[in-house]
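Me: I am new to this structure and should be grateful for a close look at one part of it. Please describe that part in a connected account, and then set it beside what else can be said of the model.

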Amino acid sequence: MKRKYLSYLLLMVVAGLWSCKSEDSVFEQTADERLNASLASYQKQLVDAQYGWKGAIYPATGGVYSFYFKFNDQNRVVMYSDFDKTSAVTAKESSYRLKAIQSPSLLFDTYSYIHVLADPDGSINGGNYGEGLKSDFEFSFNPDTLNTANITLTGLKNATKLILTKATQEESVAYGNGGLGKSLLFSNIDLYQTYFKRITVGGVTYDLNVNTEDRTITFTWLEGTVRKTFTTSYYYGSLGVTFVTPLVNGSQTINGFTNLTWDADKLALGLTAGSTNLTVAGAARPVSADLTAAKRWWQFALDKGSYWISETGFTVAGKEDFFGVRSIPNFYYMLFFPAIASSQGTSYDAFTAYDGSGLMGPAVVPTFSTDGRVTFSVLGTYGTNQLMNTTVLAQVEDASGYYIIQKSEIKYDMVSAKDGRTWISWWYPF
Amino acid sequence: MKIKITFNYLILLLVSTVFIGSCKEDKLQDVENVSGLGGETWVQGPIDKYILDSLTTPFNIAMRYKWDPYEFSDITATLVPAKEEQIIPISRTIRRAWINPFVAQAGAVFFNKYSPKIFVLSGSAQFQYESKVLGSAEGGRKIVLMEVNELRIKGMPNYVSARDSNNVKEFIRTIHHEYGHILHQNIMYPVEFKTVGQGLYQGQNWFNISETEARQDGFITQYASSGFDDDWVETICYLLIEGKAGWEKIINSIPAGTSINGTSQADAQAKLRRKEALVVNYFKTAWGIDFYSLQTKTRAAVVSLI
């Protein structure tokens, strides 16, 4: 009997203890303790960077923008931005805080340069109505980004990427001295009156094609007889322009351009590439023509049964719409319509202006040469517009012909082979 | 098989229950450690001090100017925070053009009882397909003011009266508009008001008519023509912000002739005057407020800001 009691007792004790087994926790600390520790740690890292941070932001609509941030422990941050000439040289103070929103996050909680990208008012940043550039100002820290060389963050609304890299003392001082403003001088490359811009680094001659709006740069060069190209995004910093992907050509690596200068009288851009100090030179012809670009351009519109347009006409020596086609009443755009019709068995293209009701200007027959140029011979004219049928016609039928440079799937530039100082930019809007 | 309810069995049952029941409960966490509990904290600055002294301490009103994504009901909208340089001028405007006239006219007890206690600011407007949202009110407790970054008030640098005074008036009107809703949600306006504009309301179509067309039908604005409640509060806020002379001027500027809907000029003017009379009467009977006196005070405050 006693043994029975004993075994019952044992059973009860064991059952009792077992039912009391508390859940094993994977962590030693509670979730809140870990969260608070995490926030404190990020805060410390942000503030402790003695010379501040360089930030590169990649908004959803494309491109990359660079910032300089200096955080203090009073929830204040000072910023510079490469968005425009003013934000590049004028420090702006605003506030920030760290908050636990699902995961530890950095909030820029009063308006400053970083918000310009996200502003839904398209007139402020050239973005879409109601969306802006689809950027962010609230970012969550990527997991495991603590205690690495960079801090990577992801925007909460549009998953914008923000990468923070510690600035050096030299960079930090340069921001304070208007260094970012000097780097913005690089965008003056748009003021060159020749289409082709050339630099020679390490014995290699490169053509530069810069899109200052999208902030991309394309290098073209010859390796023997082979045409090579390389494209990268770039962003501005206090010491110069940095390529997101460096150009690596054999033993030569170009990370960006520094020491930018601009001579407004000579329209000349000076820079240092690699270890070479140079001035960007204008050139009349490409270092290496894209031999099939002209045919591709022509065929693209033909395949679509449609046409290319240019809202600004010919640019000559840096002057947009040099011939003044925009003054034609109700001018919509200039257009190029391949194989629009035929006359007596000869197919022709329209290289004209369009005013919503009719075409004005030359009808042309194209000839594609083996060196990549296209030349136009005039077959006849549409309409009776004097400007289009004489002045513009003369330009169109220039015997030197045109090189065609592809900028994107739907953008091509047509550059006069005579001197590289006359061109027209076509794009496909449909 | 019959379970013999024996003494042993009962002991077993009892002790097991006791054991299970005596399990140590999870200790309640140290509540101080919960992140964000008790509100957000940041190092207080001059703006925070100004808000505390001029809005929170006297009127228990919070001005939430720092971005918080959860303050905005439409999380899909793209918004940006307010600029710091806007906060103090805006707070000052809220006091001068809204709080002070009501407190002076109706007393602090009245004002504090019905005033919304939270202002939330957005730097940008909320862009919608056809229009921009400039403000909203929630539950009589919170007012969201938008596009505050575009506001320039007299006394701020870059203020140009010709360009900016309308925005200032619109801002002040937004607050009075939302406050008007809160008041009529507590004490409803007279039923007769709904009959004055009967048959002429536009509903969702309101943004397709012009201000002149609206006034030709006896509505003070296009938005007023969207429905009874907004007609009511738009009438109130135009009376207060334009002042007596301004209101009269609007009525007298209604063009001669008949509106598209067949309302004559005389009819439109009579409708607006009837609406005015109903508003004045409502404030007297529902709240004991001399509306014309409130109007004088509010208009004077508005003039000082434009």
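Reply: In this predicted model, strand β12 of chain A, residues 216–223, pairs with strand β13 of chain A, residues 226–236. The two strands run in the antiparallel sense, and eight bridges link them. Within this pairing, Trp221(A) is placed opposite Lys228(A) of β13(A). Two residues separate β12(A) from β13(A), and the two strands form a hairpin. In the turn of that hairpin, Gly224(A) has a positive phi of about 70°.

Strand β13(A) is also joined to β14 of chain A, which covers residues 240–249. Here three bridges connect the strands, and the sense is again antiparallel. Tyr236(A) has Val241(A) in β14(A) as its bridge partner. The connection from β13(A) to β14(A) is likewise a hairpin, made through three residues.

Chain B offers another arrangement of strands. Its open sheet has four strands, in the order β1-β2-β6-β5, and the pairing is mixed. At the edges stand β1 (62–64) and β5 (135–138) of chain B, each of which pairs on one side only. From one strand to the next, the twist averages 15°. Inside this sheet, β2(B), residues 118–121, and β6(B), residues 142–145, pair in the parallel sense over four bridges. One pair of bridge partners consists of Phe119(B) and Ile143(B), the latter in β6(B). Helix α5 of chain B, residues 161–186, packs on the sheet and touches β5 and β6 of chain B. The direction of α5(B) makes about 25° with that of β5(B).

The nonpolar cores complete the account. In soluble globular proteins, nonpolar side chains tend to be buried together. The largest nonpolar core of this model has 121 residues, of which Phe67(A), Met79(A), Trp98(B) and Ile172(B) touch the most other members. Helix α8 of chain B, residues 228–252, supplies the largest share of this core, namely nine residues. Leaving aside residues up to four places away in sequence, Ile172(B) touches Thr93(B), Ala97(B), Trp98(B), Ile241(B) and Val302(B). Another core, of 39 residues, lies apart from the largest one; Met334(A), Phe336(A), Val396(A) and Ala417(A) are among its members.

How values were computed:
Residues numbered from 1 in each chain as written. Chains lettered and ligands numbered in written order. Predicted model: local features only at pLDDT ≥ 70, side-chain atom pairs only at ≥ 80, totals over all residues. Pairing = 2+ DSSP bridges. Axes fitted to C-alpha atoms, helices over the stretch in contact; angles between N-to-C directions. Contact = placed C-beta atoms within 7 Å. Core = buried A, V, L, I, M, F, W, Y, C linked by C-beta atoms within 7 Å. Buried ≥ 20, exposed ≤ 12 C-beta atoms within 10 Å, placed from the backbone.
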